[in-house]
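Ready for a short walk through a protein model? Keep the picture open beside you and look for each spot as we get to it.

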Amino acid sequence: MRDLSPFQAGHFDVCVIGAGVYGAACAHSLAAAGLKTAVIDKGDFCSATSANSLKILHGGLRYLQHGNLVRMRETIRARREFMRFAPHLSKALACAIPTFGSGLRSPLAARCATLLNNAIGSDRNLGIAGDLALPPGRTISRESFLQQFPGTTVPGLSGGLVWYDTLAGNTERLVLEYLWAARDLGALPCNYLRAERILTQNGRVEGVLVTDVPSGQPFAINASWVVNAAGPWFDELLEASGIPPVPTRWTKAVNIVVRRELNPDCAVGIESNEEYSDQDAVLKRNKRFYFFVPWRGGTLIGTSYKEWRGSREDLLPTRADTEEIVREVQAIHPSWGLEPKDVSFAHAGLLPMSGIDASGAVQLAKHSLIVDHGKTGGPQGLLSLRSIKYTTAPVEADKVTAIILRDTGRRPARQPAPAQGQGRVPAELAPLLHSRYGSRAPRVAGHLAAADSDTWWLSREPPLLRAELRYFIQEEMALHLTDVLFRRTGLGSLRCPPAGLLTTLAEAMAAELGWDGARQQLEIEQVMRRFAMLPQEN
């Protein structure tokens, strides 16, 4: 259960602010090195930019056009770390782009890219279980490409380049896995604990002034180091603390979910009509890609980018955002016949950008940034982490840990991985629980209250156990209906849950958390607000 007393009474080596994928990975890396770590977030865990994803953990094939082999190797290593860490949430995914013409998108260029990608990533499966292993890339014929993606209307289509990345079916649960693994190693995570400002004295970090969001109670967390991994809010936190911010421009990135599959076994990237030239690329292309990713019986499509100058609070996709992506898809793949009514969900996040090119297209920042403020005239003991890609979180987290260990002169006291909870998982529930929770399945099964399977289920379609809801509340700090639907289960991330399911879940949470009828209705309204971007007929 959520408990504030250890944060109020203890002293931490490190306090990590922000519990998206970067903050969670930092907490795990720091705790594994033997550092007493707190990790906090002003909202729920993984409720902002880290929840806006096309679910692909990529190996950096695109970085070949930048000639950036260092960054490519980092992404390969990070992808492999994710797969080792949470194999139950990982799956090999074939990805394809069409080939055409005689330049960068030609069959010859594709064959060269395939050979380089296979060679640079030759250790991509090191320590990976056989069923998750990523096959080598290859080129395919025009006929094979059209067989997989019928109706593709690429002028001069000659074939395709196929490579393999990893599909993380539930990126939010992947973040939670890092947080709970960090907790197993001694870290203390807490959601809905807002950082107001970083506390310093005599040029040195002393901790963080925080407010408990549910109660409004302020207090201080004492820590020798602070890692500012607050995502789009990282520079606002610096400014509120009287520390010079790191100037950053932001772009709103939007992805949509549709109820139809383009191909259930393969993602595809198709150039849009939007003019785009990557200013950092050695090999230029003139269009931005839209990717179509098979996911849970539907398709994820993205990404659109627009410079964002508004408030960072309560960022949500709009109907105009979703309709813009639908229009792009209609233009680049008209035979698929996508309509606005096919959109079942959309999500948005803020990413750092480097500028706007001559055509008006957003240029994304290409590298994560770790600022050691003690070396730039700020307080000692403060690191700010500005992140760019979900995939590289484990690599950047290890860099943060290395800086702190080097500065303190401490050696990593690697903690042994604790044994997971023992217990019996009923045979009929084992496939479901192991696919969702991996080695934590026995902990969830421990919340089964009765031997009679008729009482196990809150919902049989979609499947959700009463034990899962108790586990979310009692062990994963779920406080709101949105926490359960969008982060703990993902039941709200594909389409709007039926009204009956929302009522059932709200009533079950009310029984656990003491909500009255008005609170239940408010919780349901907060869920429905996430679907305001859909056309009225949805």
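We'll start with one helix, move on to a pocket, and finish with some unusual backbone spots.

Keep in mind that this is a predicted model. Find helix α13, which runs over residues 481-488. Is it mostly covered or not? It is mostly covered, with eight of its eight residues buried. Charged names turn up in that buried set too, including D483, R487 and R488. So what does the covering? Among the elements packed against the buried residues of α13 are helix α6 (171-184), strand β15 (343-356) and helix α12 (466-475). Helices α14 (499-513) and α15 (517-529) are part of the cover as well.

Let's look at one of those neighbours. The axes of α6 and α13 come within 8 Å and cross at roughly 100 degrees. Angles from 65 to 115 degrees count as roughly perpendicular, so α6 is roughly perpendicular to α13. On the α6 side, the contact is made by E172, R173 and L176, and on the α13 side by F486, R487 and R488. Sorted by class, this contact has four charged residues, two nonpolar ones and no polar ones.

Just past the helix, α13 is followed by G490, which has a positive phi near 75 degrees.

Now for some empty space. The second largest pocket holds about 630 Å³. Its lining is made of 24 residues, and those nearest its centre are N170, R296, R436, T489 and L491. Which helix gives the most to this lining? That's α10 (residues 430-437), with four residues. By class, the lining counts twelve nonpolar, seven charged and five polar residues.

Last stop: the backbone. Most residues other than glycine have a negative phi, and most peptide bonds are trans. Here are some that go the other way. The peptide bond from G302 to T303 is cis, with omega near 15 degrees, and T303 sits in strand β14 (residues 298-308). A second cis bond runs from E461 to P462, with omega near 0 degrees. You'll find P462 in the loop between β19 (457-460) and β20 (463-465).

Then there's phi. Y192 isn't a glycine, yet its phi is positive, about 50 degrees. It lies in the loop between β7 (188-190) and β8 (193-201). N202, also not a glycine, has a positive phi of about 55 degrees, and its place is the loop between β8 and β9 (204-212). Are these two buried or exposed? Y192 has a relative accessible area of 10%, so it is buried, while N202, at 78%, counts as exposed.

Conventions: Residues are numbered from 1 along each chain as its sequence is written. This is a predicted model: local features need pLDDT of at least 70, side-chain atom pairs count only at pLDDT 80 or more; totals for chains, interfaces and linings use all residues. Side-chain values use heavy atoms; hydrogens and water are left out. Buried means under 20% relative accessible area, exposed over 50%, partly exposed in between (1.4 Å probe, protein chains only). Helices (H or I, at least four residues) and strands (E, at least two) are DSSP runs, numbered from the N terminus. Contact means heavy atoms within 4.5 Å. On a 1 Å grid over the protein atoms alone, a cavity is a set of points where a 1.4 Å probe fits but cannot get out, and a pocket is an open set with protein on both sides within 12 Å along at least five of seven lines; lining residues have an atom within 4 Å of a point. Grid points are joined across faces, edges and corners, and a volume is the space filled by probe spheres set on the points. Axes are lines fitted to C-alpha atoms, for helices over the stretch in contact, and angles run from 0 to 180 degrees between N-to-C directions. Angles under 35 degrees count as roughly parallel, over 145 as roughly antiparallel, 65 to 115 as roughly perpendicular and the rest as oblique.
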